[in-house]
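Here is a friendly walk through the places where parts of this structure meet. Have the sequence and the 3D view open as you read.

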Amino acid sequence: MKLKLALLASTIVTGSAAMAQELTVWDWKYSDPVTAAYYDSAREAFEQMHPGVTVNFVAQPHDQYYTLLGTALASGEGPDVVLLHGGSQTTSRGADLADLSGMSEGFSGVDAFSADGATYALPLTIQGFVVYYNRALYEQAGLDPDAPPANWEALTSVCDAIIAEGSVPCFAMGNKEGFGGEFHVTLATANSFTADDYTAWAAGEMPWTDPKARAIVDLWVQMNEGGWFSRGANSTAKFMDEYEMFMRGEAAHTVGLLSDVAHWKQFDDFLMPENLGAFAFPTPGADHAALPFAGGIGWAVTAQSDEQDLAKDLVQILTDGDREAIFAVDTGALPASNAVDTSTLSSPTLSVILTLMQEHPAGMSHAIMNQAVLEEWKRQSQVLLNGDITADEAIEAMELARQSNM
Amino acid sequence: MATVGRRERKILWAASVPMALLALSCIYPLWFAINNALKDNRGYILDRFGWVNDPTFENFVTAWGRARFSEYFLNSVVVTGGAVAVLLITASLAGFALAVLRFPYRRLVFIVILASMMIPVQVVLVPFYKTIIGLGLLNTRIGLILSYTAFFLPFSVYLMAAFYAALPRELTEAARVDGARFWQVWWFVMLPLGTPALITLGILNTLYCWNDVLISLLVLQRERTLMVGITALRGEYSTNVPLLAAGIVLAAAPIVLIYLVFQRRIVAGIAAGAVKG
Amino acid sequence: MSAQRRKAIGSKAERRFAALFLLPSLLLLLIFRIIPLFWGFTLSFSENGEWIGADNYVRAVGDTNFRDSIVNTLLLLATLPIWVMLPMLLAILIHQGVPGGKLYRAVYFLPAVLSSVIVGAIFNIVLRYDGSLNAALKVIGIDAVDWLGSSSTALGSLIAVQLWSTFGMSVLIFLSGLSTVPDDIVEAARIDGARFWQRLFLIVIPSLRPIIEFVAVVTTIGVLTSMFGLIYVLTGGGPGTSTTLPEFLIWLEQGRLNRPGYAAAISMFLFSMMAGVAYLQIRIMSRNANV
């Protein structure tokens, strides 16, 4: 690592004249107090490497982030370095981003930021979905907390027992912004999609009438009609109403994340580590349950930046082992850099997750699909929960959306 | 109000009950914000409605320091103050011209100004941003001041024009015939006469500028205004409600204060302006 | 030149000063609003820098989400009478000396001061399925309703919250209008034996007509262009499309879906819709301003 930095530093020293330079960085994380150490450390390392160059971190409001970024890039006055979500949010902006493929060694989850042989961002975190359960509520319903459901039949009987016990819903569900439905796309396909399926799915070539795509809708309806979800899901925000419900012990399960929020670390804090467990989501007919994950968020250099080399150095620092370790420990994220020693992050639930990730990895189908089609599914998932339409009508609407967004 | 009949008194008392409930609902958010600003995040998640148990001022400290509200506050004051001043002057000038002076295409000019009120911000987002960049106004306070003026001007011009037009004819005619010294007429006659409308506009525009997020986000990207700072506190996933509430309390306090102080002036000013013809 | 004509166009000095006085306003509007509007119009014929002709408009016509957003807008506009009548009634009651009126006048304005972020956060908690409104209804024996989550009540709830957060402003405007209603006429009617309601409908309300029109105009502009904040926090446009307004759709297309050209085309529809409403309003406003 040290050698690499030294090499880089020497190229820069010869390459650029000393003058007042500035890099502008846009993200939506900088304003979060828990990220302070990460940013301070990155700034310090960068300014040591390039004395006289200042880094200006700007946290944009997340709800306006992509609107602003699109406006700024369209005007040719965008920032130098930007934070992006993996999947189509990055790949659809490929034309505006610099290719970082020469720097992408030593990371997991690079695929989420790559398209057509180019890598547009270096991943900071790994994101994925896992089912967290409340062990105390399992015991209360007469279930064995050490034997979480491994297949669909087992999950069904667990939910039956929880519902029969009657005090809490089986799954906390928040679908106000359609995130419940969005996550479900990945859960319902993680056990059935092959590598070819993922490619077809990303290209929008798999019709919604295909049994593997149909299963998304059918399973959603089945879970809803079985009474598995908490009431009022369409007015409950997944972030964080659903998760707060789980943290208060008011639901037996929740589909949570691996990074950012709603992860093992946060749940450990609220429920205590001995009350928390995790398993991968099983689906009907699957012989094992896979854990879907991919690159979560990553740093990119804009193509229009006048300071390509400086910006790339900054991205390198923002994603190096030291920095990602700070980010991981402070925010509870899973780091994407392989240089980070994850043994410093410890929790019984995390070891379950890490094992699952090694044994049965799967892709995140919601993140690679066409955004407009995904938005349509979010809408359909809401009206399906309300029982306003049937599964067949939803499939028809989804197929229409797929065809008009090819 | 002279004598009120007993029957009417009954009606008014009966009406006062739902009105009091409505008033309570208007105070509730302020109580909610202050109460929760004093909790820590964990305390908020575990009990959202209850009274705060052991109040902490940590959130205010974080908001003022780490979230750099002290800087944002100054920015907001400068930009809002500047924009309101420019707005009142330009609107008063234009309103005077439209309502009192006689010139060709007067109606057309008025209609163009009114029509530009109907252009939603979203419609002009990208071109507006490019204009700001083209004029070298990006990241300048003057740029934001001019933008605010442009966006809130049509309504202000309309109100000033309507106000001046409603003044007694003799007053305005005299001002007009007095010829050539229009500057003095505007400064010594129209501006003082327009005080009630100017105060109302001053308050409304202060509110708009102070609470704006979108325009400010586009124009001032380095030094931000308070509301942008607050919106940025809202994370991608989680909102730290107590911290957000502390920010809201800090940001709303000056506006509430201004309103409460000037409240009498608005009504008194309007009463004085209601010249019976 | 006849005297009449000279009066209409004013003296040379008068015209010159009029132009001078209007110059700052017109310049600002031209640079920051009118030119960008035409610029945006040209953007709507392209996507990602490519000229695609009227494709974006064709797409919009066939887009069910866009059509739903128009229907929602019409539903919203249909509630306009409530937005005007309720504040008027409140203002009249305060003006008539309702007990506690001075306090109400001060307090009603408070929601208008708060940004939509906090208003949204609070009503989220009040209106959710396990929220305080349903808890209160349970006490009087009414079943829980998913106010923001069911397709039949979401739009109504959203409108109610927006109404709550803006009515105070309208009350203020009506109050200022009421102070211009000549007291002696009202008093004379009272002495003639006119009842409260008669005085209200025969004298007070007719004399408020310009204010009523003014509030209607301001409210229409407000609901068509400034509900994004609440939609985002309260419903996210759902369930389905039941609270998707054009404004929200523009945001979605421009940002998350990265289709600025299509967003510009929807913007143009929104503008022409507003222009239709605007035509009526301009007529009303220019009459009221006596111009």
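What follows looks at a domain interface and then at a chain interface. Please keep in mind that this is a predicted model.

**Inside chain A**

Let us begin with how chain A is divided. The domain assignment splits it into domain 1, made of residues 2-125 and 294-347, and domain 2, made of residues 128-293 and 350-404. Between the C-alpha centres of domain 1 of chain A and domain 2 of chain A there is a distance of 30 Å.

Where these domains meet, 15 residues of domain 1 of chain A touch 17 residues of domain 2 of chain A. Together the two domains bury about 1400 Å², with 50% of that area on carbon and sulfur atoms. On the domain 1 side of chain A, the residues that lose the most area to domain 2 are Ala294(A), Leu334(A) and Ser347(A), which together make up 42% of what that side buries.

Polar links also cross this domain interface. There are ten residue pairs in polar contact, both partners at pLDDT 80 or more, and one salt bridge between domain 1 of chain A and domain 2 of chain A. For a salt bridge to look up in the 3D view, try the side chains of Asp260(A) and Lys29(A), which pair at 2.9 Å from N to O.

Which helices supply at least two residues each to the side of domain 1 of chain A that touches domain 2 of chain A? They are helix H4 (88-91) and helix H13 (321-331) of chain A. H13(A) gives the most to that side of domain 1 of chain A, with three residues. By class, the side of domain 1 of chain A that touches domain 2 of chain A holds six nonpolar, seven polar and two charged residues.

**Between chain C and chain B**

Now for the chain interface. Here 88 residues of chain C contact 97 residues of chain B. Chain C and chain B bury about 8900 Å² between them, and carbon and sulfur atoms give 76% of it. Eight residue pairs are in polar contact between chain C and chain B, both at pLDDT 80 or more, while the count of salt bridges is zero. Helix H2 of chain C, residues 12-43, gives the most to the side of chain C that touches chain B, with 22 residues. That side of chain C has 59 nonpolar, 18 polar and eleven charged residues.

The table sets out the buried areas.

| Interface | Buried area | Share on carbon and sulfur atoms |
|---|---|---|
| Domain 1 of chain A and domain 2 of chain A | about 1400 Å² | 50% |
| Chain C and chain B | about 8900 Å² | 76% |

How values were computed:
Residues numbered from 1 in each chain as written. Chains lettered and ligands numbered in written order. Predicted model: local features only at pLDDT ≥ 70, side-chain atom pairs only at ≥ 80, totals over all residues. Heavy atoms only, no water. Domains from an automatic or database assignment. Contact = heavy atoms within 4.5 Å. Buried area = accessible area lost by both parts, 1.4 Å probe. Salt bridge = Lys/Arg side-chain N within 4 Å of Asp/Glu carboxyl O. Polar contact = N/O pair within 3.5 Å; in protein donor to acceptor, adjacent residues only side chain to side chain. Helix = DSSP H or I, 4+ residues; strand = E, 2+ residues; numbered from the N terminus. Nonpolar A, V, L, I, M, F, W, Y, C, P; charged D, E, K, R; others polar.
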